[in-house]
Amino acid sequence: MHRKYFSFLSLLALCALSGPVLGATAEKAKDERVVKDGMMVSLDYTLKSPDGKLIETSKGREPLKYIHGQKMMIPGLEKELTGMKVGAEKHVTVKPEDGYGKINPNAVQEVPKEKIPPNALKVGAVLAAKSPEGMVVPMTVREIKEKTVVMDLNHPMAGKTLVFDVKIVDVQPPPPPPSQPATPAAPAKPNPPATPAKPADPAQKK
């Protein structure tokens, strides 16, 4: 009787202890799903100009995915996303210096017309070029002259204040880097054939 009573009390105590422990574990897992450096973030966003004009949105498409802290996002927006949890929403205004930078007058250059593809010879056309560092740089056609084309290497969003409405859809650890294929072991060298024993010299005849 006393043994059953003791066992029942032990079970109640175990349940009472396991509740907070399990709850703490779940809470810890929840806390880990916070936007911070090294995490892969999925977010929905709508980008507008300060006057409310729609520039771009992810609605109707897959969420935007990036790794936080890897400079894959403009600094002003990335800073505001830090610390947000899954499901959180935010309205963010990013100034030019925290976005795509201010307009650089020296980034406007003239190039020979024959260097531009014929289908891009129209004002407003955007082309992609590679910088010496290997980065893709957008170029916008600003003016077409008789023999040259005026190209603007400033980002199309340079000098503009950007207004974002964002929602964190998911936060996960980044995928592991692809494993390198194992280098096959070098084939073993065959042993050289054994040198035949030298026959003994025949006994000299006396």
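Ser-49 counts as buried in this predicted model, because its relative accessibility of 15% falls under the 20% cut-off. The residue sits in the loop between strand 1 and strand 2 (54–57). Setting aside neighbours within four places in sequence, Ser-49 touches Ile-55, Thr-161 and Val-163.

Zooming out, the fold is built from two helices and nine strands, and reading along the sequence gives α-β-β-β-α-β-β-β-β-β-β. Buried residues like Ser-49 make up 23% of the 206 in the protein. As for how the chain meets itself, 62% of the contacts between residues at least 6 apart in sequence join residues at least 24 apart. On the outside, the accessible surface adds up to about 15,900 Å², with carbon and sulfur atoms accounting for 60% of that.

Then there is the matter of empty space. The largest pocket holds about 620 Å³. Its lining takes in 22 residues, and those closest to the pocket centre are Met-72, Ile-74, Tyr-100, His-155 and Met-157. Several strands pitch in: at least two lining residues come from each of strand 1 (40–48), strand 3 (64–67), strand 7 (136–144) and strand 9 (162–172). Strand 1 thus turns up twice in this account, as a contributor to the pocket lining and as one end of the loop that carries Ser-49. By residue class, the lining of the largest pocket breaks down into 19 nonpolar residues, two polar ones and one charged.

Notes:
Residues numbered from 1 in each chain as written. Predicted model: local features only at pLDDT ≥ 70, side-chain atom pairs only at ≥ 80, totals over all residues. Heavy atoms only, no water. 1 Å grid on protein atoms, 1.4 Å probe; cavity = no way out; pocket = protein on both sides within 12 Å on 5 of 7 lines; lining within 4 Å. Points joined across faces, edges and corners; volume = space filled by probe spheres on them. Helix = DSSP H or I, 4+ residues; strand = E, 2+ residues; numbered from the N terminus. Nonpolar A, V, L, I, M, F, W, Y, C, P; charged D, E, K, R; others polar. Buried < 20%, exposed > 50% of the residue type's maximum accessible area, 1.4 Å probe, protein only. Contact = heavy atoms within 4.5 Å. Areas by Shrake-Rupley, 256 points an atom, 1.4 Å probe, with all protein chains shown as cover.
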